[in-house]
Amino acid sequence: MKAALIAIALLFALPAGAVEPDEMLADPVLEQRAREISKNLRCLVCQNQSIDDSNAELARDLRILVRQRLVSGDTDEEVTQFVVARYGDFVLLKPPFKSTTYVLWFGPAVIFTLAAFTLVVLQRRRARVEAKPLSPAERRRLDSLLDDGLDP
Amino acid sequence: MIPEIGHYALILALFAALIQGTLPLAGAQRADAAWMALARPAAGIQFIFILTAFLALMHAYVTSDFSVLNVVNNSHSAKPLLYKISGVWGNHEGSMVLWMLILSLFGCAVALFGGNLPPTLRARVLAVQGLIGTGFLLFMLFTSNPFERVFPAPLDGNDLNPLLQDPGLAFHPPFLYLGYVGFSMAFSFAIAALIEGRVDAAWARWVRPWTLVAWCSLTLGIALGSWWAYYELGWGGWWFWDPVENASFMPWLAGTALLHSATVAEKRDALKSWTILLAIITFSLSLIGTFLVRSGVLTSVHTFAQDPTRGLFILGLLIIAIGGSLVLYALRAPAMKAGGLFAPISREGSLVLNNLLLMTAAATVFLGTLYPLVLDAVGGGTVSVGPPYFTATFVPLMVPMIVLMAIAPMLAWKRGDLAGAFTRLRLAAAVVVVIALGTWYLKSEGPVLAVLGLALAGWLFTGTLIEFSGRLKLFRIGMRESLRRAAHLPRATYGMTIAHAGIAIVVAGITASSAWQTEKIQVLRPGETVEVAGYIFTFEGTQELQGPNYTIERGTFQVSRDGAPIARLFPERRFYPVQGRQTTEAAIYTTWFADLYAVIGDADGEDGRVTRLYHNPLVPWIWVGAVVMAMGGAVSLSDRRHRVGAPARRRAAAASARA
C-alpha cells in the first residue's frame, strides 16, 4: 500500500527537470557520457521515466552512482552492466535481447513479412482466378457475340 | 436536484440507446420499415439526454456544488472558470460523459444528414452506434457514476491536479475523443456493411469524411498533448513513448492507414474488405486506448488487480466489441466481392505498402506498450520498454514510408511508371544531396541519423511540391492556364499536398530537436550570465507573485545576441496550496528556427537559483507541421464530393415522394 502511495505521489512529481547542478561532473565529456547512459536507465520507482528526466530520490542516487563509476574509469558498457547487476534487466529502457524479449525484437519484422506474404499470395490467387484465359466454348461464344454486333 | 436530473437523463439515454441498438437492427433484418425508422428519433433522443447530463455536470462544476463527489474530488471554489469547465472532463467519470456526448452527437449527425443512405444501411449504422452507446452507458451507470452525492457536503473541494490546470490540457481530451469517437463512425459503417454483405464506392464515400474528421481531431489532440508536455514538464522533451501517449498514437497510425485505403475503396473499388478490417482495427485501438488510460492497468498490473471492477467491465466490453466484430468479419468478408485489379507498381500498390508499413508501426507500438504488461501478468518477469526500443524499431519503418510518400502520388492508378516517377524526382534527389552535405558541413558532430532525417524531410517536401506542380503543368503551359488548372483541382488533392508537406515539416522538427538540443544547467545568481548556442542569458533574479489559486515564483532572464537584446523570459514556478503541488511553467521565446527555453528550479539557500536553459532547434516545426497536417485534412474534408450530392439526392427523393 505504501509503495502504491509513493508511486502515485511520484507519478505527479514530474515537473522541474531532473539533473541538478551539484550532481554534474566538471569534465564535460564525462558528463555527456553520463547523460547518454542515464537516458537508457529506468527510474525504478517512476512510471516510464529514465533516471535522466526523473526527479525522484532514487533516480538522483542512480545518477550519482553512474557518475561515480565513470569517474573511477569504467567504460559506458561497464557502468550499465554495474547497474543491471544491481537492479536487473528491468532497469534497461531498451530491453535486452533474450528469450523473453524475442517477441519484442522479432515481432515487427515477423508481422511485416507475414502481412506482405499474405497480400502477395492473395493478389496472385485473385489475378489467376480473374485473368483466366477464355475456354474454347467461351471463345466461340464471344466470337459469335462480336459477329452479331458487327452485322446489324 | 440538478445532479439527479443529470443522473436520470443518463438512465433514460441508456434506454434510448438500447432501443436504437436493437429494434432498427431487427427491423433491417425483417425489412420492417417502422422498426428501422425508430433509429433516427432514438439517436436524437439519446443525444438530448446525454447533453442534459453533460450540462448538469457542468452546472455542478461551475457552481461548485460540493455535494457531488466528482466535483469535490476534482474542483475547488477558487479555481478559474476555464478550469472549472475543463474539470468536467479532467477526470475519469466526467471524461466518459464527454465521450458519450460526442458519440451521440455523431449518431445524431448520421440521423440528420443520412437521408441519402439506403434505409437498411442507415438503420444498421445507427444501431451499431446505439450498441456502442449502450456499452458505455452501462459502464458509466454501474461503475463510474459522475453524479454520486456525498453527505455531509465538504466546505470546499480537493482541486484539480495542477498539471491539468492548463489551457493546452483543457482542450486535449475533447480533441482526442473527437478522434476516438469519430473512428466509431467508420466502425459502425464497417459493421453495417458486413451485415448487409455489400460494400460499394458510395459506402467508402461515407466512411471517408468521418475518418477525416476523426483523423484531424486526433492529430490536433496528440499535438496539443505533446506541446503541453513540452512547456509544462520543464526540460524540453515533447514525446516520451509513454503508454498513455502510445494509447492515442496507435489509433492515429491505424486511422492514417484507414484514410488511405478508404481512398482506394472509393476511387478504385478495390481493397474494400481490407478497408473494413482497418475500420474495425482502428476503432478497436481507440477502445483499447480508452481502456489503457482509464483502467489503471498502466500504473501497475497489480493495482489493477486490487480494484478490478472498472477494468474488468471495460475488458468485457472490449472482448464483446472487438471479438464480436472480428468474428463477424471472418464470417462475412470472404463472401464479399473483390474489386478492381492492379499491378504491384501502381497507386493502389503503393497505398498497400503504405498500409503495411503503418500497420506494422501500429503493431510495434502495441507490442511495446502491452507486452510488458502481459509478460508481467503471466509471471514471465518484468521488462522495460522505453524510448530506445521505439526509436530502434520505428525508424526503420518510417524511413521507407517517407521515401514512398514522395513517389506514390506520382504513380498512376492500376499500373504506374516507376522510372518516370524517379525522373520527375530528380530535383528532390538533388535537394537531398544538398541538405545532407550542408548538414554534414554545419553540424559534423551530430548523429548520422540526423543527416538522414533532414534529407528525408527535404525529399518529401520537394517531392510533394513537384507532384503538385506536375498537376498544374507549371512552367510547361502558360501561367494563366496553370492557374486555371489550380482552380479546378479537387480539394482532396490540395488536402493531400498540404498534409504531406506537414509531415515533412514535422520530420525536420523531430530530427533537429532530438539531435541538436543545447542544454545548460547551473546555479545562477542575479546578474550572472550564461551562453547557450550563441545567445547570452542574463539572470535578473526572482520575485514572488500571487495567482488566482496559486503562488508564483517568477524568474527574469534578459536574452541577447551579439550585444542586441532579443527577449525577456519569465519562467515560473507555481505552488498550488490546496493539493500542495508545484508546477513549472517554462518561458519560451520562439523564433522561426528555434525555441529559447528557460526554467527555474530550487533556490540554493543563498541568492542563487538552479536554472535550466535550452536552445531547441526547429522544435516549433513539430507543432506547426501537425497543424498543417490537420489543415490538409480539413481542406480534403471540404472537397465538393463530400458536400455536393447528398442534398441533391435528398431533394430528388423528396420530389419523387411528392409526385
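Okay, one term before we start: pLDDT is the predictor's confidence in each residue, from 0 to 100. We need that because what we're looking at today is a predicted model.

So, chain B first. Its mean pLDDT is 86, with 94% of the residues at 70 or more. If you go element by element in chain B, helix H3, residues 39-62, comes out highest with a mean of 94. At the other end is helix H23 of chain B, residues 646-658, which has the lowest mean, 45. Around there, residues 644-659 of chain B all sit below 50, and that stretch makes 5 contacts in the model once you look beyond near neighbours in sequence. Where pLDDT is low, the predicted coordinates should not be read in detail. Please keep that in mind when you zoom in on that part.

For the complex as a whole, the predictor gives an ipTM of 0.81 and a pTM of 0.89.

Now, how is chain B laid out? It's divided into three pieces. Domain 1 covers 1-160, domain 2 is assembled from 161-303, 314-337 and 348-363, and domain 3 runs over 518-620. The centres of domain 1 and domain 3 of chain B, going by C-alpha atoms, are 44 Å apart. Those two domains do touch, though, with 6 residues coming from domain 1 of chain B and 5 from domain 3 of chain B. On the domain 1 side, that patch splits evenly into 2 nonpolar, 2 polar and 2 charged residues.

Chain A is a helices-and-nothing-else story: 6 helices, 0 strands. Along the sequence you just read α-α-α-α-α-α. Chain A has 152 residues, and 26% of them count as buried. Taking the contacts in chain A with a separation of 6 or more, 53% are between residues 24 or more positions apart.

Right, on to where the two chains meet. Which chain gives 47 residues to the contact, and which gives 37? Chain B gives the 47, and chain A the 37. On the chain B side, the elements that each supply at least two residues are helices H14 (347-377) and H15 (387-407), plus strands S1 (518-524), S7 (581-585), S9 (594-603) and S10 (609-617). H14 of chain B brings the largest share, 10 residues. And by class, the side of chain B that touches chain A has 24 nonpolar, 19 polar and 4 charged residues.

That's it from me, happy to take questions.

Technical notes
Residues are numbered from 1 along each chain as its sequence is written. Chains are lettered from A and ligands numbered from 1 in the order in which they are written. This is a predicted model: local features need pLDDT of at least 70, side-chain atom pairs count only at pLDDT 80 or more; totals for chains, interfaces and linings use all residues. Helices (H or I, at least four residues) and strands (E, at least two) are DSSP runs, numbered from the N terminus. Two residues are in contact if their C-beta atoms, placed from the backbone, lie within 7 Å. Ala, Val, Leu, Ile, Met, Phe, Trp, Tyr, Cys and Pro count as nonpolar, Asp, Glu, Lys and Arg as charged, and the others, Gly among them, as polar. A residue is buried if 20 or more other C-beta atoms lie within 10 Å of its own, exposed if 12 or fewer, and partly exposed in between; C-beta atoms are placed from the backbone. Domain bounds come from an automatic or database domain assignment.
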